[in-house]
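This report covers charged pairs and nonpolar packing in one protein chain. Please look over the sequence and the structure before reading on.

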Amino acid sequence: MYEIVICDDTENDLIQLKMEIEKSELYDMSSMNIHTFNSGISFLEDMKENTDLLLIDMQMNLMNGFETVRELRKKNQTAVVCFCSAVVSPQVEHFEVSPYRYILKNESKEKIVSTIDDLLMEMKRRKEQKTLEVVSDGRAFVIPLDDILYIEKAKHGCRIVLSENSSIKAENEKIISREKLSVLEEELKDEGFAVPHSSYLVNIKKIISISGTEVIMEGNERISVSRSCKENFHHKFSKFFGKKYRRSV
């Protein structure tokens, strides 16, 4: 099931947004639940970990929309967030919590309908994405596999390096996990990841170029290909792209 949340302390706005979602051609009553809350506090107490899509008013009493989403992101990094407001324009700080869209309540009905369609499509896309769940420094992360550039062996576990456009907010775009690299290698072996070196596990989709001795990743990061891993790594690379681009007869 998809869990959709509308959070607004104005009852009429709650009702209106709910009606617009239900009228969308992308809305499916059999697979989507809509929940409404009149405060950020009540929402966080009940639904913060299970939300797939959140439409939230920027100006609410006690806890505003930005403060609420900042708390949400401590437990839920993948929910699609849309800020709604009659007067507040996007601010630089708002992008810290990775909103996907903004709705101005005085926009045309056509614009609001179009935005809701975009939100539902993105919600479905993220829900279908495969993810990796890790704990780093006491904080849980649910990381879409497409956000991972590579994973590197570290002193007490491994370091997960994210792509520049990742929706996950982590210090220096890196997450330290206590999981051993070998454990993550086993978990991701069928998901387009390969080992070019005993200290690295790379996302094949993020490779820009490859030679016998080196892999260049997105962002121009360079990783050595060791002699012991070379044959298996090149085989897995070729197999992945052969499967991806195989023609139908």
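Four charged residues come first: D8, D13, D57 and K105 are joined in a network of salt bridges. The model is predicted, and side-chain atom pairs count only at pLDDT 80 or more. In total, the structure holds 15 salt bridges.

**Individual pairs**

Three salt bridges are listed here with their N to O distances.

| Acidic residue | Basic residue | N to O distance |
|---|---|---|
| D52 | K127 | 3.2 Å |
| E152 | R159 | 3.2 Å |
| E186 | K189 | 2.9 Å |

The D52 and K127 pair links distant parts of the chain. D52 sits in the loop between α2 (40-47) and β3, while K127 belongs to helix α4. The two residues are 75 apart in sequence.

How exposed are the partners? D52 has a relative accessible area of 14%. That is under 20%, so D52 counts as buried. K127 is partly exposed, because its 41% falls between the 20% and 50% limits.

E152 and R159 lie on either side of the lower limit. E152, at 19% relative accessibility, is buried because the value is under 20%. R159 has 24%, so R159 is partly exposed. In the pair with E186, K189 is partly exposed at 37%.

**The nonpolar cores**

Now to the packing. In soluble globular proteins, nonpolar side chains tend to be buried together. Here the largest nonpolar core has 20 residues. Which of its members touch the most others? They are I4, I21, L53, L55, I103, L120 and M123.

Helices and strands both contribute. The elements giving two or more residues to this core are the helices α1 (11-23) and α4 (109-128), together with the strands β1 (2-7), β2 (32-37), β3 (53-57) and β4 (80-85). Which element gives the most? It is α4, with five residues.

L120 shows the packing at the level of one side chain. Leaving aside residues up to four places away in sequence, L120 touches I4, S24, L26, Y27, M32 and L53. I4 and L53 are also among the core members that touch the most others.

A second core is separate from this one and has 18 residues. Its members include I56, M63, V69 and V81.

**Drawing it together**

Helix α4 appears in both parts of this account. It gives five residues to the largest core, and its K127 pairs with D52 in the loop before β3. Strand β3 is likewise one of the elements that give two or more residues to that core.

Notes: Residues are numbered from 1 along each chain as its sequence is written. This is a predicted model: local features need pLDDT of at least 70, side-chain atom pairs count only at pLDDT 80 or more; totals for chains, interfaces and linings use all residues. Side-chain values use heavy atoms; hydrogens and water are left out. A nonpolar core is a set of buried Ala, Val, Leu, Ile, Met, Phe, Trp, Tyr and Cys residues joined through side-chain atoms within 4.5 Å. Buried means under 20% relative accessible area, exposed over 50%, partly exposed in between (1.4 Å probe, protein chains only). Helices (H or I, at least four residues) and strands (E, at least two) are DSSP runs, numbered from the N terminus. Contact means heavy atoms within 4.5 Å. A salt bridge is a side-chain nitrogen of Lys or Arg within 4 Å of a carboxyl oxygen of Asp or Glu.
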